[in-house]
Amino acid sequence: MFSSKLGIVLFIVIVPTVDFLDGVKIEQDNKETFTQYWVSKHKEHFDALDVNHDGNVTERELTVVPTNRAKHVLPSWRVKAVYGVLNMAYHTWWSNEYTDYKTSISFDDWIQSFGKDMVYTGDEVDEFALDFFHIVEVDCNEELTLKEYSKFLDIFRNTADIQVIFRAIDIDRNNVIDVKEFLYGIKGFTYDEAPDSAAYIFGSRDKES
Ligand SMILES: [Ca+2]
Ligand SMILES: [Ca+2]
Ligand SMILES: [Ca+2]
């Protein structure tokens, strides 16, 4: 039963639906284009952040709204840390010189920004991943249990089966997610242009109607 569920997740990862890509035009004015898979996974994450479905992610949707969700699953000092990390992410990767410091960012804006040099660096992605790992790693043993990891998924509005996602991220199948596995997932999500189950790290809205 479990393996069939995992199969469904892997199927979703490997064969993402592309209907929502209609109308998404990627215009890179400097070099590379991204694979359809890469665009589709980032669009899904963008849509999860765009809670009012108006096609734009505002500062509030990226920072305040997820922080409010964190209040349900984390103690207050960790909630403040969530806000701090998301605020950094907003000003680094969303509202910046490449998007003319807009406060309401469309998917096209975001993807243009991503393609520019210097916007996403490996160090910043690592810092984001390590910060979030330690925010939700509440008993300080450097491993995420299913319960700890589910806090991260709650913050990012996951509605899919958390056990299935956990198994996809827990690459060595020892029933905990360590720092390396979490970093691999965040980096894979950010950069990998080929399907990889670890790229499912932020969860999914696959039960959303
Ligand atoms: Ca919105
Ligand atoms: Ca732990
Ligand atoms: Ca593991």
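In helix α9, the buried residues are Val179, Glu181, Phe182, Leu183, Gly185, Ile186, Gly188, Phe189 and Thr190. The helix covers residues 179–191 in this predicted model. For its 13 residues, a rise of 1.5 Å a residue gives an expected span of 18 Å, and the end C-alpha atoms are 18 Å apart, so the two values agree. At the start of α9, the backbone nitrogen of Lys180 has a side-chain oxygen of Asp178 within 3.2 Å.

Helix α9 also takes part in a calcium site. Glu181 supplies two OE donors to the calcium ion (ligand 3). The other protein donors of this ion are Asp170 (OD), Asp172 (OD), Asn174 (OD1) and the backbone oxygen of Val176, and the donor distances run from 2.2 to 2.5 Å. Along the chain, these donors are spaced D-x1-D-x1-N-x1-V-x4-E. Asp170 belongs to the loop between α8 (162–169) and β4 (177–178), whereas Glu181 belongs to helix α9, so the pair ties together parts 11 residues apart in sequence. Both Asp170 and Glu181 are buried. The angles among the 6 donor atoms range from 53 to 157°, and the site of the calcium ion (ligand 3) is classed as irregular.

A further calcium ion (ligand 1) is coordinated by Asp50 (OD), Asn52 (OD1), Asp54 (OD), Asn56 (O) and two OE donors of Glu61. The distances at the calcium ion (ligand 1) are 2.2 to 2.4 Å. The sequence spacing of its donor residues is D-x1-N-x1-D-x1-N-x4-E. This site, too, is irregular, with angles of 53 to 158° among its 6 donor atoms. Two of the donor residues of the calcium ion (ligand 1) can be described by their accessibility. Asp50 has a relative accessible area of 2% and is therefore buried, the limit being under 20%. Asn56, at 21% relative accessibility, counts as partly exposed.

The chain as a whole contains 9 helices and 4 strands. Read from the N terminus, the order of these elements is α-α-β-α-α-β-α-α-β-α-α-β-α. The chain has 209 residues, of which 47% count as buried. Its accessible surface is about 10200 Å², and carbon and sulfur atoms account for 54% of that area. Of the contacts between residues at least 6 apart in sequence, 65% join residues at least 24 apart.

How values were computed:
Residues are numbered from 1 along each chain as its sequence is written. Chains are lettered from A and ligands numbered from 1 in the order in which they are written. This is a predicted model: local features need pLDDT of at least 70, side-chain atom pairs count only at pLDDT 80 or more; totals for chains, interfaces and linings use all residues. Side-chain values use heavy atoms; hydrogens and water are left out. Donors are N, O and S atoms within 2.8 Å of the metal (3.2 Å for Na, K and Ca); water is not among the atoms, so sites may look incomplete. Four donors count as tetrahedral if all angles lie between 85 and 135 degrees; four count as square planar and six as octahedral if opposite donors are over 155 degrees apart and all others between 65 and 115; anything else is irregular. Buried means under 20% relative accessible area, exposed over 50%, partly exposed in between (1.4 Å probe, protein chains only). Helices (H or I, at least four residues) and strands (E, at least two) are DSSP runs, numbered from the N terminus. The expected span of a helix is 1.5 Å times one less than its number of residues. A polar contact is a pair of N or O atoms within 3.5 Å; within protein, one must be able to donate a hydrogen and the other to accept it, and residues adjacent in sequence count only if both atoms are side-chain atoms. Contact means heavy atoms within 4.5 Å. Accessible areas come from the Shrake-Rupley method with a 1.4 Å probe; for residues, only the protein chains shown count as cover.
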